[in-house]
Amino acid sequence: MFGDELKPIFQQLTQHPGSFLGGFFSGLLRLNLGEDPVKSWLDQQLGYTTYVSPTSQPQNGKTAGPQSISIE
């Protein structure tokens with residue numbers, strides 16, 4: 001009964017030990033794979049290049065901060 005519940009975990013461990021242990025330890029250490037420095041390291045290992053759009057582009061004259069209005 002208890003072995004049937006753990007069977008998929010052991011199958012993944014034996015089929016892909018590196019991926020399984022990497023995911024296990026990242027979960028154990030509570031690492032977010034979408035944040036730096038983990039994301040940049042994963043991109044480097046996989047050969048991905050990421051494009052970061054500039055954040056200082058004007059957006060149709062709108063500013064990001066709060067605006068004041070006057071009501072008459």
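## Confidence

The chain has an average pLDDT of 75 (the predictor's confidence in each residue, from 0 to 100), and 75% of the residues score at least 70. This is a predicted model, in which local features need pLDDT of at least 70 and side-chain atom pairs count only at pLDDT 80 or more, while totals for chains, interfaces and linings use all residues. Residues are numbered from 1 along each chain as its sequence is written, and side-chain values use heavy atoms, with hydrogens and water left out.

Among the elements of the chain, helix α1 (residues 2-15) has the highest mean pLDDT, 84. The lowest, 75, belongs to helix α3 (residues 38-46).

## Fold and surface

Reading from the N terminus, you will meet the order α-α-α, with three helices and zero strands in the chain. Helices here are DSSP runs of H or I with at least four residues, strands are runs of E with at least two, and both are numbered from the N terminus.

About 7200 Å² of the chain is exposed, 58% of it supplied by carbon and sulfur atoms; accessible areas come from the Shrake-Rupley method with a 1.4 Å probe, and for residues only the protein chains shown count as cover. Of the 72 residues, 4% count as buried (under 20% relative accessible area, with exposed being over 50% and partly exposed in between).

## Helix α2

Helix α2 covers residues 17-28. Its 12 residues should span 16 Å at 1.5 Å a residue, and its end C-alpha atoms are indeed 16 Å apart; the expected span is 1.5 Å times one less than the number of residues. After α2 comes Arg30, with a positive phi near 55°.

Ser26 has its place in this helix and is buried, because its relative accessible area is 12%. Setting aside neighbours within four places in sequence, Ser26 is in contact (heavy atoms within 4.5 Å) with Leu31 and Leu33. Gly23 also lies in α2, and with a relative accessible area of 41% it is partly exposed. Gly23 and Leu33 are 10 residues apart in sequence, and their C-alpha atoms are 9.7 Å apart in space.

## A nonpolar patch

Leu21, another residue of α2, is partly exposed at 38% relative accessible area. Together with Phe24, Phe25, Leu28, Leu29 and Leu31, Leu21 forms a nonpolar surface patch with about 600 Å² of accessible area.

Patches are made of residues with over 30% relative accessible area and no salt bridge, joining nonpolar side chains (Val, Leu, Ile, Met, Phe, Trp, Tyr) within 5 Å and like charges within 9 Å. A salt bridge is a side-chain nitrogen of Lys or Arg within 4 Å of a carboxyl oxygen of Asp or Glu.

Key
Buried < 20%, exposed > 50% of the residue type's maximum accessible area, 1.4 Å probe, protein only.
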